[in-house]
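Visitor: I should like to learn how to read several features of a protein model. May we work through them one at a time?

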Amino acid sequence: MSHPHPELSAPSELPKGGLRIYPLGGLGEVGRNMTVLEYDGRLLIVDCGVLFPEESHPGVDLILPDFDAIRDRLDQVEALVLTHGHEDHIGATPYLLRERGDIPLVGSELTLALLDSKLREHRLKETVHHKVKAGDRLTLGPYELEFVAVNHSIPDALAVAIRTGTSLVLHTGDFKMDQLPLDGRITDLRAFARLGEEGVDLFLTDSTNAEVPGFTTSEQNIAPVLDSVFSGSDQRIIVACFASHVHRVQQVLDTAVRHRRKVGYVGRSMVRNMGIAQDLGYLHVPPDVMVDAKDLADLAPERQVLISTGSQGEPMSALSRIAQRNHNFVHIEEGDTVILASSLIPGNENAVYKVINGLTRLGAKVVHKGNALVHVSGHASAGELLYAYNVVRPRNVLPVHGEFRHMKANADLARATGVENVVIAEDGVVVDLIEGVASIAGKVDCGYVFVDGSNIGDITESDLKDRRILGEEGFVSVIVVIDSVSGKVSSGPEIHARGFAEDDKAFDDIKQPIIDAIDRAIREGTDDTYQLQQVVRRVVGRWVNRELRRRPMIIPVVIEA
Ligand SMILES: [Zn+2]
Ligand SMILES: [Zn+2]
């Protein structure tokens, strides 16, 4: 990832009474949200999430925020505040706790419960938990926190107001303003207004849907659509959605009851998360509706509903395996219905369409947000953001959570309501709030940190470039042996190619030019095998590019014997 601000340098020392913001992830991408505040020598972290890799990150499992900027100062961290339980907000927490295991965690009941099951998977020991709910206040070092209910696509989400001796910051987390949410827990605009009256110096707001005009449709509007799809199906129904979308699952359960169907969960994270949500009372499971997914097949097809993971086309997920006919107990029959009750996260399009094609080929009818209202967003659209700005009337705004275009659209909305100072900062760009005015103060290093199997942070952009070249252009190895006495090629060149339509014989034409180039280089005084390898690489590279129109990875090996 190239840094967007080459002109910036490291920030100078923070003046007394100043508040510093380090965005370490999530500003410039949708994912790996992490914001660090510094005041009076103490740090407070808000969220610590992951970003899921795209096709341009072959072999990468996860992308983490870059902890480099605070790695030497982890002892100064007062706490990690988690606004809600989505992976892009809690997913990197185990990796942060590996670096300092006793960072206190602050979050709502459901958020901490989802996080705890993750920490157990990583075999991390319990740390101090501050379980909070809307309206609670909590003082940690120089920070006085107050939590505000917000409505989002997961229950129990919180905005956080942060008071220091000199300022009041309000961070929305992810939010929208559904006025009739399933659980009746609306975004608390009265609290937003009260904080606005007190004077919000800096307002950090969710940019995800800032480009979308109007208002995000209510979750309730999905129910009639589910009803009509259920009515139109006389076979099995499979619904895929996010494994954390408790209210979406609730709607499917309620619809299943109305249509006298039974429900089973497929996918490990769905079983786990819905178990947690049910135990804590966030999911209300009607009596006699749940069946173990494996036993569901004993019922008539028109009595079955499966709720599955894999709505983003993740290759190892239940739905992908069902679409490829290699799920161990779910097999699509002609006439089954599959509902993708989910968003399409940018970057996942190809994978999702592959799954839809696979399911359709097996005879399923696929219903998705492109052909029916089976999904609504979890984020505030432009109209809701305008309300938020008019209610809070902040002095300064820092758009967060979005690609650059989302943050720019959000900044324009803030300005349109009369906010005088709006700062757009991407990951690593440090923003200072000094005497009520926010401004860019410098930058810190903030790259992608890749998790690949058990390896964290050692895979670099250049390794990924190699993987992309290997994947797209193939590989050519050239082995040449040089007689150390005569200085002549004594064996080879032996050429092997992988990922080419042509067989190795196609490379016969280049063997003599390689020998000639080596002879010439040695006559001209080159005796270092590394330099001779570069000669071979250039000759082969030019030839392959000209004759085969390819730019493969070339591994030349020159041996003196
Ligand atoms: Zn979220
Ligand atoms: Zn998010």
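Visitor: How do the residues of the lining of the largest cavity divide into nonpolar, polar and charged?

Guide: Please keep in mind that this is a predicted model. The lining of the largest cavity comprises four nonpolar, seven polar and two charged residues. This cavity has a volume of about 60 Å³. Its lining holds 13 residues, and those closest to the centre are Asn33, Thr35, Asp47, His171 and Val400.

Visitor: How many cavities of 30 Å³ or more are there?

Guide: The count is four. The second largest has a volume of about 50 Å³.

Visitor: Which residues line the second largest cavity?

Guide: Its lining consists of Arg236, Ala293, Lys294, Leu296, Ala297, Gln304, Leu306, Phe329 and Val330. Two elements, α9 (293-296) and β15 (304-308), each give two or more residues to this lining. The greatest share comes from α9, with three residues. By class, six of the lining residues are nonpolar, one is polar and two are charged.

Visitor: Let us turn to strands. Is strand β20 mostly covered or mostly uncovered?

Guide: In general, the side chains of a regular strand alternate between the two faces of the sheet. In the present case, strand β20 (residues 429-434) is mostly covered, with five of its six residues buried.

Visitor: Which residue of β20 is the bridge partner of isoleucine 21?

Guide: The partner is valine 431. Strand β1 (residues 19-25) and β20 run antiparallel and are joined by three bridges. β20 also pairs with strand β21 (residues 437-443), again in the antiparallel sense, over six bridges. One pair of bridge partners there is valine 429 and lysine 443 of β21.

Visitor: How many residues lie between β20 and β21 in their hairpin?

Guide: Two residues lie between them, and glutamate 435 in the turn has a positive phi of about 50°.

Visitor: I should next like to consider charged pairs. How many salt bridges does a search of the whole structure find?

Guide: Side chains of opposite charge can pair when their charged atoms come close. The search finds 26 salt bridges in this model. In one of them, arginine 42 pairs with glutamate 78, and their closest N and O atoms are 2.6 Å apart.

Visitor: Why does the pair of arginine 42 and glutamate 78 tie together parts that are apart in sequence?

Guide: Arginine 42 belongs to strand β3 (residues 42-46) and glutamate 78 to strand β5 (residues 77-81), so the salt bridge ties together parts 36 residues apart in sequence. Arginine 42 is partly exposed, at 28% relative accessibility. Glutamate 78 counts as buried, at 14% relative accessibility.

Visitor: With which residue does glutamate 211 form a salt bridge?

Guide: Its partner is arginine 405, and the closest N and O atoms are 2.9 Å apart. Glutamate 211 lies in the loop between β12 (202-206) and α6 (222-231), whereas arginine 405 lies in helix α13 (residues 404-416), so this pair ties together parts 194 residues apart in sequence. Glutamate 211 is partly exposed at 41% relative accessibility, and arginine 405 is partly exposed at 42%.

Visitor: Is aspartate 336 buried or exposed?

Guide: Aspartate 336 is buried, with a relative accessible area of 2%. It forms a salt bridge with arginine 236, the closest N and O atoms being 3.1 Å apart. The two residues are 100 residues apart, and the pair links distant parts of the chain. Arginine 236 is likewise buried, with a relative accessible area of 9%, and it is one of the residues that line the second largest cavity.

Technical notes
Residues are numbered from 1 along each chain as its sequence is written. Chains are lettered from A and ligands numbered from 1 in the order in which they are written. This is a predicted model: local features need pLDDT of at least 70, side-chain atom pairs count only at pLDDT 80 or more; totals for chains, interfaces and linings use all residues. Side-chain values use heavy atoms; hydrogens and water are left out. On a 1 Å grid over the protein atoms alone, a cavity is a set of points where a 1.4 Å probe fits but cannot get out, and a pocket is an open set with protein on both sides within 12 Å along at least five of seven lines; lining residues have an atom within 4 Å of a point. Grid points are joined across faces, edges and corners, and a volume is the space filled by probe spheres set on the points. Ala, Val, Leu, Ile, Met, Phe, Trp, Tyr, Cys and Pro count as nonpolar, Asp, Glu, Lys and Arg as charged, and the others, Gly among them, as polar. Helices (H or I, at least four residues) and strands (E, at least two) are DSSP runs, numbered from the N terminus. Buried means under 20% relative accessible area, exposed over 50%, partly exposed in between (1.4 Å probe, protein chains only). Two strands pair if DSSP finds at least two bridges between them. A salt bridge is a side-chain nitrogen of Lys or Arg within 4 Å of a carboxyl oxygen of Asp or Glu.
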